[in-house]
Amino acid sequence: LHKEYRRQRQMCIRDRYGAKYLRWAPFAETEPDADAAAFPKYGDPISLGSLVKVTDSPSFNEAKAFGDNALEEHVNEFKECGVAVEVTELANSVASAVLGAKIESEGGKDLVFSTEDNAPYSGLGFYINKMVKGVKSYHGIYYPKAKAAMQGTEYATKGDSITLTGGALNFTAAAPANGKWKVESDDFPTEKEAKDWVDKKIAKASP
């Protein structure tokens, strides 16, 4: 049974390949997450760069109660989800928007990180390629409420080999007012449909 589960799990992983079109938007300035029947409202969306990969790791609060040597109650509730993002290059303008760091307006365009930086809550979306029984499709992923934090960077000298490194961000996805912390689309037959789905999720709210 365990071998069959592992085989099916490996097949599922192989079916999903490629990730593209990473879109991000900060929460709107006015009451962005006040409606428990809707997803949050956003400001202007931007691209975070060419996507390398996204890895999410949800965590849960869990409690168990035993009586008469048997499990009587088991509570498992969503806590948060770490979302590790890698792009080929993290531009200063993107880092400033996502992390709350400041770009100097005088004397250059240095990106300055401060103890007072405050990353905004935001929405995050992208889509992936799928291949099931030889049929290619596209699948959207959307995190309605997320907040970014810096990830450590390694700076290495040139040696016998060359390693190309890009930019990395650590997001924490949380549940918005409606309680829906992650959304996955149905499979789309065309890439344009998947792109339109992401654009619809990560869209600027009407004034």
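Which residues of helix 2 (residues 92–99) are buried? In this predicted model, the buried residues of that helix are Val94, Ala95, Ser96, Val98 and Leu99. Directly after helix 2 comes Gly100, and its phi is positive, near 85°. With this helix as a starting point, the passage turns to the overall layout, then to the third helix, the charged pairs and the backbone.

The protein contains three helices and ten strands. Followed along the sequence, these elements give the pattern α-β-β-β-β-α-β-β-β-β-β-β-α, a pattern that begins and ends with a helix. Of the 207 residues in the protein, 29% are buried. The exposed surface comes to about 13700 Å², and carbon and sulfur atoms supply 50% of it. As for how the chain meets itself, contacts between residues at least 6 apart in sequence were considered, and 66% of them join residues at least 24 apart.

Helix 3, which spans residues 191–201, shows a clear division between its sides. Ala194, Trp197 and Val198 are the buried residues to note here. They lie on the same side of helix 3 because the arc they cover around the axis is only 95°. Lys192 and Lys200, by contrast, are exposed on the other side of this helix. Helix 3 also holds Glu191, a residue that takes part in one of the charged pairs described next.

Side chains of opposite charge can pair when their charged atoms come close. A search of the whole structure for such pairs returns eight salt bridges. Among them is the one between Lys20 and Glu191, where the closest N and O atoms are 2.8 Å apart. This pair links distant parts of the chain, with Lys20 in strand 1 (residues 16–26) and Glu191 in helix 3, 171 residues apart. Lys20 counts as partly exposed because its relative accessibility is 45%. Glu191 is partly exposed as well, since its relative accessible area is 27%.

Another of the salt bridges joins Asp56 to Lys182, and here the closest N and O atoms are 2.7 Å apart. Again distant parts of the chain are linked: Asp56 belongs to strand 3 (residues 51–67), whereas Lys182 sits in the loop between strand 9 (167–173) and strand 10 (183–188), 126 residues apart. With a relative accessible area of 25%, Asp56 falls in the partly exposed class. Lys182, at 27%, is likewise partly exposed. The two residues are also part of a wider arrangement, a network of salt bridges that links Asp56, Lys182 and Glu184.

A further salt bridge is formed by Lys130 and Asp187, with the closest N and O atoms 3.3 Å apart. Lys130 lies in strand 7 and Asp187 in strand 10, so the pair connects distant parts of the chain, 57 residues apart. Strand 7 itself covers residues 121–132. How buried or exposed is Lys130? The relative accessibility of this lysine is 11%, which is why Lys130 counts as buried, the cut-off for that class being under 20%. Its partner Asp187 is partly exposed, with a relative accessible area of 32%. The contact between these two residues also appears as a polar contact between their side chains, at 3.3 Å.

The backbone offers a last point of interest. Most residues other than glycine have a negative phi. Where does Glu31 lie in the chain? Glu31 is found in the loop between strand 1 and strand 2 (46–47), and the residue has a positive phi of about 40° although it is not a glycine. Glu31 counts as exposed because its relative accessibility is 59%. Asp68 is also a non-glycine residue with a positive phi, in this case about 55°. The position of Asp68 is in the loop between strand 3 and strand 4 (70–87). At 77% relative accessibility, Asp68 counts as exposed.

Definitions and conventions:
Residues numbered from 1 in each chain as written. Predicted model: local features only at pLDDT ≥ 70, side-chain atom pairs only at ≥ 80, totals over all residues. Heavy atoms only, no water. Helix = DSSP H or I, 4+ residues; strand = E, 2+ residues; numbered from the N terminus. Polar contact = N/O pair within 3.5 Å; in protein donor to acceptor, adjacent residues only side chain to side chain. Salt bridge = Lys/Arg side-chain N within 4 Å of Asp/Glu carboxyl O. Buried < 20%, exposed > 50% of the residue type's maximum accessible area, 1.4 Å probe, protein only. Contact = heavy atoms within 4.5 Å. Areas by Shrake-Rupley, 256 points an atom, 1.4 Å probe, with all protein chains shown as cover. Arc of directions from axis to C-beta.
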